[in-house]
Amino acid sequence: MVRINLTAYFLMIVALATGAAHSQADSATTKQERPKVGLVLSGGGARGAAHLGVLKVLEENRIPIDAIAGTSFGALVGGLYASGYSADELTEILNTLDWQEALSTTAPRKDRSFRRKQDDDGFLIKFRVGIKEGKLKLPSGLVNPNNLRLLLRELSTGAADVRDFDNLAIPFRAVATNLETGKAVVLGKGDLASAMVASMAVPALFPPVELNDQILVDGGVANNIPIDVARAMGVDIVIVVDISTPLKKRDDLESFTSVINQLSLIMTNANAAAQMATLRDSDIVIRPQVNDIGLVEFERTGDAVPLGAVAARAAEGKLSALALPDAAWRMHLASRTLEANTDQVIDFVRINNTSALSDEAIRARVSQTTGEPLDAQQLSHDLTRLHGLQLFEEVGYRKVKDDDLTGIEVRARGKDYGNTQLRFGLAMQDNFDGESGFQLAFGLNQLALNSRGGEFAARATIGDQLGLFTEIYQPLDFNDRFYVFANADVTELNQNISANDGTDALLGQARVTGATFQLGAGRNFGVWGTLRAGLQRNYSRIRGRIGLPRDVIVKVDSSRFVAEFEIDTLDNPRFPHEGLGFEIGYGNDLSLLGGDGQVDNLQVGFYKPFSWGDNTLGINFLAATTFNGTPDETDLISLGGFTNLTAFAPGQLSGNHGGVLSAVYYRKVGGGLGYLAQTPLYVGATLETGNVWNDTSDISLGDLKWSSSLFVGADTLIGPIYLGGGIGSRGEAAAFLFIGQLF
């Protein structure tokens, strides 16, 4: 990583003491006489990882680099290399980088607040629509680059004090495009991480970056191969690494998106051709063969590195003319130093906040203390979690000077499209046996009602299940550890009634209408769990629908104490690969306020995935019981449907006691990462066992039902899609199609 001047001094002593071929004077003369070499790194999306393979070969051949100009991914590689990393160090970083997290629209799910994780329930359409000043507002890009910016700032901590890129270990320039004028913008001063992000802000993928009073997007739009920028830095020879995308042929222009991409390539390649026309005989061009790697296939960046090395080795004949003698090369490496003030004490933390959340609430989430050196890794982690509140367009930091004091300025910029958000949900199911259903949901979230982060939420559901839910949520402290809430929930749904004679025959179906009002309080444990408890008042009406008297209405009013503890560290609510989901809930009927119920409920559920490579095995468990009274249709546990005894229809099995244990296996077989419109595709299977019983005396392991299934799945923008079929141990069979998540 970044080397300190003591290392440089040591290398110079070693070079002199080992009987190098050239004296110090000779080396100085050689350095003056040799041509200055500039490295030009083009843009090209995920293919840009090939630049690392080229850098590795340049180092192996002792080729000095005196200046770097980069565009897009070339700016990312060039900026980090210029800050003091070696090619091997950057390759190691690349191999361990989680692109899913780096390019996620929001903070990785494991780092979101527990409140935001709960938003996933029933709303698996990933996009949110904002309302600001009475108008609907859409995000200006598919991906918010905040995670990437924090990552780059953490990686470039050694250059945190550098404001002039000429003072990096290697002078550096990043190229972006002014969105208003369409002209190239050369970034040579300011914050290195912000310059790299601005240079690779692909239009529509990333939102434009506001920097130096300009609105900037990907530099490839205006200058994808910035040869002129390198020459302006005073170099004599340029080494150009061109990984730009060739134009598509007629047979490949068959879709709307392919035509749009082609128009973008025509513009990009035109400016690249103009730059390439300025090459001289002494310049060197390296073109890695990476055309089979897609622009956004970042999970394949590891494949691009060796392709870059192959192309560079093919040019070793011309490169050898630029090689330094061994001693001179060590001297050159020694000069590539950047003093990193990693031990510098932080004297103050300043909050620059334009959001509705208070400065105190932001500071409470930043653990950096004064009087201690900057902990860049922890600060990046804290700000990632702050971004997980989904109240900010950007959360970042920079080192600042105030007289003789050194501090950190945390910047928290509120959402461009406001804190009022619309959500949409969709769910459909069909068993290919004449039974189908659907649900649509519409939700509104008003975030940051006050400086401590109070919220109002509302959701309406139509379809097989009708519902209306509203809630007020109010943190009691600035760090959202303790909170109070009040909600109201009105639902109407069908409840199957099954025989209790082992045949599971469907006796009928009841229509259950309920209204629940709850007041409670809770305690959040970081972002991984919550404990809440409160009082509920329930009003239920049960009437016959199929096979039961329709003119008989049973009224059940109850008052209940409820408590729930929940853990959620899953990385994905649809196809989890790591983490844990756990929930235990308890309800106790009270005579308070005239409640006439005398039933206690207890339910436990968890899901734990185990992954290796593209494979995941998940263990799913659900159990519930009622006791201390006579339960009614509102207290029943229902089984059936995908992963809950798939061979049975959803809700086909119901009883006072029951549970299911499932093993769910799925393997990713296609598609890309889930941060874009690339759809991950899966094939999988389940093995399930469980049952329901009305009386505790009937519970027996010998009475368990078994089911298995095969399915294909896709993690789409509108939620998960599952298509498959299940078969039971007694000949039960069911086919299914699920789109979205039932609420």
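Student: Where in this predicted model does Leu645 sit?

Tutor: Leu645 is in the loop between strand 27 (637-639) and strand 28 (653-655).

Student: How do you know whether Leu645 is buried or exposed?

Tutor: Put its value against the cut-off. Leu645 has a relative accessible area of 0%, and buried means under 20%, so Leu645 is buried.

Student: What makes the phi of Leu645 worth a look?

Tutor: Its sign and the residue type. Phi of Leu645 is near 75 degrees, which is a positive value, and the residue is something other than glycine. Asp480 gets a mention for the same kind of reason: phi there is near 55 degrees, again positive in a residue other than glycine. Asp480 lies in the loop between strand 19 (466-475) and strand 20 (482-498).

Student: Why is Asp480 called buried or exposed, whichever it is?

Tutor: The relative accessible area of Asp480 is 12%. The limit for buried is under 20%, so Asp480 goes down as buried.

Student: On to Gly726. Where is it, and why does it get the label it has, buried or exposed?

Tutor: Gly726 is part of strand 32 (residues 719-728). Its relative accessible area is 7%; with the line drawn at under 20%, Gly726 is therefore buried.

Student: Which residues does Gly726 contact, leaving aside its neighbours within four places in sequence?

Tutor: Thr646, Ala647, Ser708, Ser709, Glu732, Ala733, Ala734 and Phe736. These count as contacts because heavy atoms come within 4.5 Å. Take Thr646: its C-alpha atom is 5.3 Å from that of Gly726, although the two residues are 80 apart along the chain.

Student: How many of the contacts in the whole chain join residues at least 24 apart?

Tutor: Of the contacts between residues at least 6 apart in sequence, 65% do. And while we're on the whole chain, buried residues make up 52% of its 743 residues, and its secondary structure comes to 16 helices and 33 strands.

Student: What makes Arg413 and Glu394 a salt bridge?

Tutor: In general, side chains of opposite charge can pair when their charged atoms come close. Here the N to O distance is 3.7 Å; the cut-off is within 4 Å, so the pair of Arg413 and Glu394 passes. Arg413 is in strand 15 (residues 405-414) and Glu394 in strand 14 (residues 392-402), 19 residues apart.

Student: How do you know whether those two are buried or exposed?

Tutor: Same test. Arg413 comes in at 18% and Glu394 at 11%. Buried means under 20%, so Arg413 makes it, and so does Glu394.

Student: What makes Glu564 and Arg532 a salt bridge, and which strands hold them?

Tutor: Their side chains meet at 3.0 Å, N to O, which is within the 4 Å allowed. Glu564 lies in strand 23 (residues 553-568) and Arg532 in strand 22 (residues 529-546), so the pair ties together parts 32 residues apart in sequence. Both of these residues are buried.

Student: And Arg541 with Asp557: what is the N to O value?

Tutor: The Arg541–Asp557 salt bridge is at 3.2 Å. Arg541 lies in strand 22 and Asp557 in strand 23, so this pair ties together parts 16 residues apart in sequence.

Student: Why isn't Arg541 called buried?

Tutor: Arg541 has 29% relative accessibility. Buried stops under 20% and exposed starts over 50%, so Arg541 lands in between, as partly exposed.

Student: How many salt bridges are there, and which residues form a network?

Tutor: The structure holds 34 salt bridges. Arg115, Arg116, Asp119, Glu455 and Glu471 are linked in a network of them.

Student: Which residues form the nonpolar patch on the surface?

Tutor: Phe424, Met428, Phe438, Phe442, Ile462 and Leu466, with about 510 Å² of accessible area together. Strand 16 (420-430) and strand 17 (436-446) each supply at least two of the patch residues, and Ile462 is in strand 18 (residues 455-463).

Student: What makes Ile462 accessible enough for a patch?

Tutor: Ile462 has 41% relative accessibility. A patch residue needs over 30%, so Ile462 clears that bar, while still counting as partly exposed.

Terms used:
Residues are numbered from 1 along each chain as its sequence is written. This is a predicted model: local features need pLDDT of at least 70, side-chain atom pairs count only at pLDDT 80 or more; totals for chains, interfaces and linings use all residues. Side-chain values use heavy atoms; hydrogens and water are left out. Patches are made of residues with over 30% relative accessible area and no salt bridge: like charges are joined within 9 Å, nonpolar side chains (Val, Leu, Ile, Met, Phe, Trp, Tyr) within 5 Å. Accessible areas come from the Shrake-Rupley method with a 1.4 Å probe; for residues, only the protein chains shown count as cover. Helices (H or I, at least four residues) and strands (E, at least two) are DSSP runs, numbered from the N terminus. Buried means under 20% relative accessible area, exposed over 50%, partly exposed in between (1.4 Å probe, protein chains only).
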